[in-house]
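Colleague: Before I rely on the labels attached to this model, I would like to hear what stands behind each of them. Could we go through them one by one?

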Amino acid sequence: MIDAPPQRVFDVLADGWTYSDWVVGTAHVRDVDENWPQVGSQLHHRAGPWPFSLQDASTVLLCEPPHRLVLRAGLWPAGEAIVTFTLDPVDGDATRVRIGEEFAAGPLRWVRNKLNDLVLHLRNRETLNRLSDIATRQKDQR
């Protein structure tokens with residue numbers, strides 16, 4: 001639960017330059033298409049620790065502001081995932097954010113097990129904590 005309305009949370013999602021601030025594992029955003037987050041637009045990133053970081057891009061598959069954003073997140077040669085952010089209003093000024101992440105291609109698709117699910121769950125929980133910090137900080141600055 002994030003103590004900010006869905007539009008404020010979506011505004012953070014819509015600012016591709018902030019992804020390395022809140023997406024755990026994203027080390028650096030290299031470029032963001034001017035029309036982000038329109039369908040087909042891309043966010044170019046580097047993920048993982050230096051010097052082993054990988055460069056790839058995430059592509060918007062669906063954008064329904066302020067309630068849903070679906071991305072194809074690339075991390076080749078490891079693979080790619082379909083990541084869905086769903087934002088639901090709760091009690092007026094709060095938002096329930098859910099992240100769904102499914103490996104769609106590459107080696108990561110075949111190594112799914114309970115340990116990987118636990119790590120992914122913990123990673124996504126920290127990602128949501130960071131997203132919350134940014135969205136609620138924006139609220140305090142207004």
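Modeller: Let me begin with pairing, where two strands count as paired if DSSP finds at least two bridges between them. Please keep in mind throughout that this is a predicted model.

Colleague: What makes β3 and β4 a pair?

Modeller: Strand β3, residues 54–64, is joined to strand β4, residues 68–74, by six bridges, and since a pair needs at least two, the two strands qualify. They run antiparallel, and one place to look is L62, which stands opposite V70 in β4.

Colleague: How do you know that β2 is paired with β1 and with β3?

Modeller: The cut-off of at least two bridges applies again. Five bridges join β1 (residues 26–32) to β2 (residues 42–47), with V29 opposite H45, while six bridges join β2 to β3, where Q55 is the bridge partner of R46. Both pairings are antiparallel. In addition, β2 and β3 form a hairpin with six residues between them, and G48 in that turn has a positive phi of about 95 degrees.

Colleague: Why is the sheet described as having edges at β1 and β6?

Modeller: The six strands form an open sheet in the order β1-β2-β3-β4-β5-β6. Because β1 and β6 (94–105) each have a single partner strand, one side of each is left without a neighbour in the sheet, and so they stand at the edges. Neighbouring strands are turned against each other by 25 degrees on average, direction ignored.

Colleague: Which strands of the sheet does α1 touch?

Modeller: Helix α1 packs on the sheet and touches β3, β4, β5 (80–90) and β6, its direction making about 155 degrees with that of β5.

Colleague: Why is W17 called partly exposed?

Modeller: W17, which lies in the loop between α1 and α2, has a relative accessible area of 47%; buried would require under 20% and exposed over 50%, so a value in between is called partly exposed. Leaving aside neighbours within four places in sequence, W17 is in contact with V29, R30, D31 and V32. Its C-alpha lies 8.6 Å from that of R30, although the two residues are 13 apart in sequence.

Colleague: What is the confidence of the chain, and which element has the lowest mean?

Modeller: The chain has a mean pLDDT of 87, with 85% of its residues reaching 70 or more. Among its elements, helix α3 (residues 114–141) has the lowest mean, 79, whereas helix α1 (residues 6–13) has the highest, 96.

Note on methods: Residues are numbered from 1 along each chain as its sequence is written. This is a predicted model: local features need pLDDT of at least 70, side-chain atom pairs count only at pLDDT 80 or more; totals for chains, interfaces and linings use all residues. Side-chain values use heavy atoms; hydrogens and water are left out. pLDDT is the predictor's confidence in each residue, from 0 to 100. Helices (H or I, at least four residues) and strands (E, at least two) are DSSP runs, numbered from the N terminus. Axes are lines fitted to C-alpha atoms, for helices over the stretch in contact, and angles run from 0 to 180 degrees between N-to-C directions. Contact means heavy atoms within 4.5 Å. Buried means under 20% relative accessible area, exposed over 50%, partly exposed in between (1.4 Å probe, protein chains only).
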